[in-house]
Amino acid sequence: MIRRLRNLTSKKYFHMVMMIVIIAIILFILGIIILKYNVEGETNMPFQLSKISIISSSEGIDKEVAETKWAFDVYQSNDVFLYIDKNDGYAKTEAIKSIEINNIQIEAKQKDNIVIYKPDEQEEKLIFKNKEENIVQSIEYIGDIESNLKQLKISNQGGLVAFRCSNNNLVEYTSNDEEAIYHNELLKKAGITPEDLETKITFDIIIKLEDGKEYKATIHLDFPVGNVIEEGTTSMEITDLKDFIFKRVNN
């Protein structure tokens, strides 16, 4: 029996079979690791997305020339705030170089009306202002000593980035009858329906570090949040972020 085993193991085809088995085992283990990474992504990043806050509101822009007492171009805006926090469980000290929001994709009934805005640098009391010079296709916040939304800066140890997704030119609302018009009631007064406002947005957020590491996740959001037609202003905080998977795109 021992002699037969020795004869078997000494043959060339036996070594070839063993090599194939070893390679198959290695490929299987690699497949499991890749599958686990695709499902879970990075599990110990130096910085992490901890929360997403959304504020939906209605607004109207006064028309300069109108034949009625009141005349507004009505729009509905969604302000998005993304919180980037330092991971206290990460062993090394890292610094944020920049946070990018790009590859913005939009699905909506009137897609051409959807506009993305960066924070307004001039306005003192408001973060966002729907002005042509604030329209962007992508946004980059630069790492700095302190955060400053209006200057598109984020603290290199974590902070806040934001943008606005606005559904513009929904309808023109005019009236001669009312003594006062409240902007948070304009959607309801103008007869806007939830279907008119439904918007799905997808974008990539990329966290770039000073040492060259980059992490990217794709975010999916639905606008508006809550019953903005009835309430005028609604908000939501998303803290369950398990569906937003960060992966390293640059070592």
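## A tour from the small cavity to the core

Start by selecting Pro46, Phe47, Lys86, Asn87, Tyr90, Lys92 and Glu94: these residues line the largest cavity. The space inside comes to about 40 Å³. How many cavities of 30 Å³ or more are there? The count is 1. Colour the lining of this cavity by type, and you get 3 nonpolar, 1 polar and 3 charged residues. Keep in mind that you are looking at a predicted model.

**Zoom out to the whole chain**

Show the chain as a cartoon. It holds 5 helices and 11 strands. The chain has 251 residues, and 39% of them are buried. Next, display the contacts between residues with a separation of 6 or more. Of these, 71% join residues 24 or more positions apart. Switch on the surface. The accessible area of the chain is about 15300 Å², and carbon and sulfur atoms account for 51% of it.

**Move to the largest pocket**

Select Glu59, Asp79, Leu126, Phe128 and Arg164. Of the 15 residues that line the largest pocket, these lie nearest its centre. The pocket encloses about 340 Å³ of space. Which strand gives the largest share of the lining? Select β1: this strand supplies 5 of the lining residues. Add β2 to the selection, since β1 and β2 each supply at least two residues of the lining. By type, the pocket lining splits into 7 nonpolar, 4 polar and 4 charged residues.

**Go inside, to the largest nonpolar core**

In soluble globular proteins, nonpolar side chains tend to be buried together. Here, the largest nonpolar core has 42 residues. Show Ile52, Leu82, Tyr141, Phe163, Ile201, Phe203 and Leu221 as sticks; these touch the most other members. Now colour the elements that each give two or more residues to this core: β1 (47-62), β2 (70-86), β3 (96-108), β4 (114-117), β5 (139-144), β7 (159-175), β8 (199-209) and β9 (214-223).

Centre the view on Leu82. What does Leu82 touch, leaving out residues up to four places away in sequence? Select Leu49, Lys51, Ile52, Ile101 and Gly159. Then add Leu160, Val161, Phe163, Phe203 and Ile205 to complete the list.

**Last stop: another core**

Apart from the largest core lies another, of 11 residues. To find this core, select Phe72, Val74, Leu170 and Ile181, which are among its members.

How values were computed. Residues numbered from 1 in each chain as written. Predicted model: local features only at pLDDT ≥ 70, side-chain atom pairs only at ≥ 80, totals over all residues. Heavy atoms only, no water. Core = buried A, V, L, I, M, F, W, Y, C linked by side-chain atoms within 4.5 Å. Buried < 20%, exposed > 50% of the residue type's maximum accessible area, 1.4 Å probe, protein only. Helix = DSSP H or I, 4+ residues; strand = E, 2+ residues; numbered from the N terminus. Contact = heavy atoms within 4.5 Å. 1 Å grid on protein atoms, 1.4 Å probe; cavity = no way out; pocket = protein on both sides within 12 Å on 5 of 7 lines; lining within 4 Å. Points joined across faces, edges and corners; volume = space filled by probe spheres on them. Nonpolar A, V, L, I, M, F, W, Y, C, P; charged D, E, K, R; others polar. Areas by Shrake-Rupley, 256 points an atom, 1.4 Å probe, with all protein chains shown as cover.
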